[in-house]
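Student: Please take a close look at one part of this model, the packing around one pair of helices and what lies beside it.

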Amino acid sequence: MDLHRRITRLMAGAEAEHRYSHIAFSGHRGCGKSTELLRVAAQAEREGYLTLYTNVNEQADQNELSFGDLFLLMLRLLEARFRQPPLRPLPEKTVRVVEQWFHDVTRIQAQELERALAFSGEAELGVDTPLAKLLFGLSALRKSTGTEREEIRARVEKYPSQLRENLNLLLDDARTIARDAYPRGLLFVLDALDRYTPDMVSEAVVKNAELFKGINAHIIFVLPISLAYDPRGETVEDRFTPVAMPMITIFRREERRAVVESAIQEMAAAIFKRVDISLFADPGLARELARLSGGCPRDLMRLLQETLLIADRQIDERAVKRAASLVRAEMTRKLTRDQYRQLAQVMLDGQVNPDAAGRELLYRRFVLEYNGDRWAGVHPLLWDAPEFKAALEAEKQARGGGIERVGG
């Protein structure tokens, strides 16, 4: 089943039990999560959901995140969407209740809001209702420097249950307004949370799971894949419904270096959608780029970009090898001797340790997780690194004679 259809079925299953789904969506950076989430949003809209999608790290502070920031963001999304036709604005009576609560707990002054909006540039984006100004101003202050940012955070988060109830008040009215066009309710998609550190996301989201699960809407959180391996307390799957997006499986677990032909063809086809096949001196070189990417769409596009910059009139073998060497050099520059040893173990075992060291390998995409029974492999760009070859040989010898446990 396609992943986007699986997610909407999870939502439907929750509704059948008169509850909402709260999904922890994870996968390697660059594996195509955002593209898949756009499919989720489109599928959800077709099935009667109103989808509110946002890229969190573009809307909140890129260096700091708390649960209050996410509530402010969801309130902003909701308020703004219901100022767009064909929907009508949220009822003034409810809006005033929420607005007054924020004024009471934050004690924010009108001049502070205006200054924050002017400094952030939000004032030029049509933020013209009192509640919109308040929410955008508070978010802008959270992205500022100095003591104000922490004071706002402390005041907004002092009454977490009431913060949630205010969101639910607006959600109740939103469902009523949108019922004809979107009879299935609302879905928040909070993308790019995985661009924050695992510790920060664990503190902001996982630790506050019960608070978020009390929100009367479906929510998809895009969490760092490493939290599935090395949780910072309670595991993600104990708090949310986990959905993982693996890399495209282009290698066989039984023979680590043997490619899955259908997957290689799929990735080569993605290249030919972007550049004409005539640019390749040999179309088989597109297959080589696919193999070197390890099944990661972002790395495939990076390799293609470097190859195009290096090539003269056509992409030849020299250009592909040079591009691979450049990207490999960027990766190996960050690796330590101990990490090479860990990578050799992953290569032989097909698994990554569920600890801080394994989390770092996954986060940096030195190790890629594949589907099926969820096995892990070393990124193929690293296979030709002399340090990796030496570490792999040393690990084989340590295990007794250089025979790999599974494949080569």
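Tutor: What follows covers one helix pair and then two residues linked to it. This is a predicted model, in which local features need pLDDT of at least 70 and side-chain atom pairs count only at pLDDT 80 or more, while totals for chains, interfaces and linings use all residues. Residues are numbered from 1 along each chain as its sequence is written, and side-chain values use heavy atoms, with hydrogens and water left out.

Two packed helices are described by the angle between their axes and the distance between the axes. Helix 5 spans residues 92-106 and helix 9 spans residues 160-178; helices here are DSSP runs of H or I with at least four residues, strands are E runs of at least two, and both are numbered from the N terminus. The two axes come within 10 Å and cross at roughly 165°. Axes are lines fitted to C-alpha atoms, for helices over the stretch in contact, and angles run from 0 to 180 degrees between N-to-C directions. Helix 5 is therefore roughly antiparallel to helix 9, a term for angles over 145 degrees. Their crossing is left-handed, meaning that the near helix is turned anticlockwise from the far one by less than a right angle.

From helix 5, the contact uses T94, V95, V97, V98, W101 and F102; from helix 9, it uses Q162, L163, N166, L169, L170 and D173. Contact means heavy atoms within 4.5 Å. By class, eight of these residues are nonpolar, three polar and one charged. Ala, Val, Leu, Ile, Met, Phe, Trp, Tyr, Cys and Pro count as nonpolar, Asp, Glu, Lys and Arg as charged, and the others, Gly among them, as polar.

Helix 9 also holds N168. N168 is buried at a relative accessible area of 3% (buried is under 20%, exposed over 50%, partly exposed in between, with a 1.4 Å probe and protein chains only). The N168 side chain reaches the backbone oxygen of G214 at 3.0 Å. Leaving aside residues up to four places away in sequence, N168 touches G214, I215 and N216.

N216 sits in the loop between helix 11 (209-213) and strand 4 (218-224). N216 is partly exposed, with a relative accessible area of 25%. With the same sequence neighbours left out, N216 touches Y20, N168, L171, D172 and R175. N216 and F102 are 114 residues apart in sequence and 20 Å apart in space, C-alpha to C-alpha; F102 is one of the helix 5 residues in the contact with helix 9.

Definitions and conventions. Angles under 35 degrees count as roughly parallel, over 145 as roughly antiparallel, 65 to 115 as roughly perpendicular and the rest as oblique. A polar contact is a pair of N or O atoms within 3.5 Å; within protein, one must be able to donate a hydrogen and the other to accept it, and residues adjacent in sequence count only if both atoms are side-chain atoms.
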